[in-house]
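Subject: The model we talked about

Hi,

Here is the structure I promised to pass on. Have a look at it first, and then read my notes below.

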Amino acid sequence: MAIERASIYQALQGTTAPGAGSDGVQLCFWLTLLSRGLAYVIAVVCIDRLAAAREPMTRCLVTGSFALATVALTYARQVNNHIFRLAVVSALLLIIRSQTRSALVAAGTLIGVGYTIDLGLGPVLVLSVTGLVLWQTRSLRAIALLLAAAFPW
């Protein structure tokens, strides 16, 4: 995900943020916060939306335990791709419940992005989501739409 970090670095250069030559510690802080921190927030919001069907106390406990009692918070502090995979899979869990055309395109896009984040996990992600969509819809058109949305990534 070097492209993502490069685009954040370019955006930081347009503001008063420090450059790579002036203060590397501050630059690393901002790059980590704006990339990993955002992915962490996306994952927590997706889990919260998944738990929204439950009663408020259960929803609060599920979201809070995911946010604070798992390794997700640790991943948010490190510069690696684990937190991006977590955000992608969390969003997939949220989207895959719907069987609409737009949900299939969004899920296909997410599995394509998930494939590019980690080439080792990518095939497993594609096969498992494709199998789940096939089981849910029993439609080859849905599979074709899902894989067509994933292919460009």
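The structure holds two salt bridges, where a salt bridge is a side-chain nitrogen of Lys or Arg within 4 Å of a carboxyl oxygen of Asp or Glu. Before I go through them, a word on the source: this is a predicted model, in which local features need pLDDT of at least 70 and side-chain atom pairs count only at pLDDT 80 or more, while totals for chains, interfaces and linings use all residues. Residues are numbered from 1 along each chain as its sequence is written, and side-chain values use heavy atoms, with hydrogens and water left out.

One salt bridge joins the side chains of arginine 59 and aspartate 48, at 2.7 Å from N to O. Arginine 59 lies in helix H3 and aspartate 48 in helix H2, so this pair ties together parts that are eleven residues apart in sequence. (Helices are DSSP runs of H or I with at least four residues, strands are runs of E with at least two, and both are numbered from the N terminus.) Arginine 59 counts as partly exposed, at 25% relative accessibility; on this scale buried means under 20% relative accessible area, exposed over 50%, and partly exposed in between, with a 1.4 Å probe and protein chains only.

Aspartate 48 has a little more to show. Leaving aside neighbours within four places in sequence, aspartate 48 is in contact with Arg59 and Thr63, contact meaning heavy atoms within 4.5 Å. Its C-alpha atom is separated by 7.5 Å from that of valine 62, 14 residues apart along the chain.

The other salt bridge is formed by aspartate 118 and arginine 85, whose closest N and O atoms are 2.1 Å apart. Aspartate 118 lies in the loop between helix H6 (101–117) and H7, and arginine 85 in helix H5 (residues 82–95), so this pair ties together parts that are 33 residues apart in sequence. Arginine 85 counts as buried, at 19% relative accessibility.

Now to helix H3 itself. It covers residues 56–68, 13 in number, and reaches 18 Å from its first C-alpha to its last, close to the 18 Å expected at 1.5 Å a residue; the expected span is 1.5 Å times one less than the number of residues. Which residues in H3 are buried? They are Thr63, Phe66 and Ala67. They cover an arc of only 95° around the axis, which puts them on the same side of H3; the arc is that of the directions from the helix axis to the C-beta atoms. The face turned away from this buried side carries the exposed residues Met57, Leu61 and Leu68.

Two other spots to look at: in helix H2 you will find tryptophan 30, which is partly exposed with a relative accessible area of 32%. Arginine 138 sits in the loop between helix H7 (122–137) and helix H8 (140–150). This arginine 138 is exposed, with a relative accessible area of 62%, and its phi is near 55°, a positive value in a residue other than glycine.

As for the whole protein, there are eight helices and zero strands. Of its 153 residues, 35% count as buried. Among contacts with a separation of 6 or more, 57% come from residues 24 or more positions apart.

Happy viewing!
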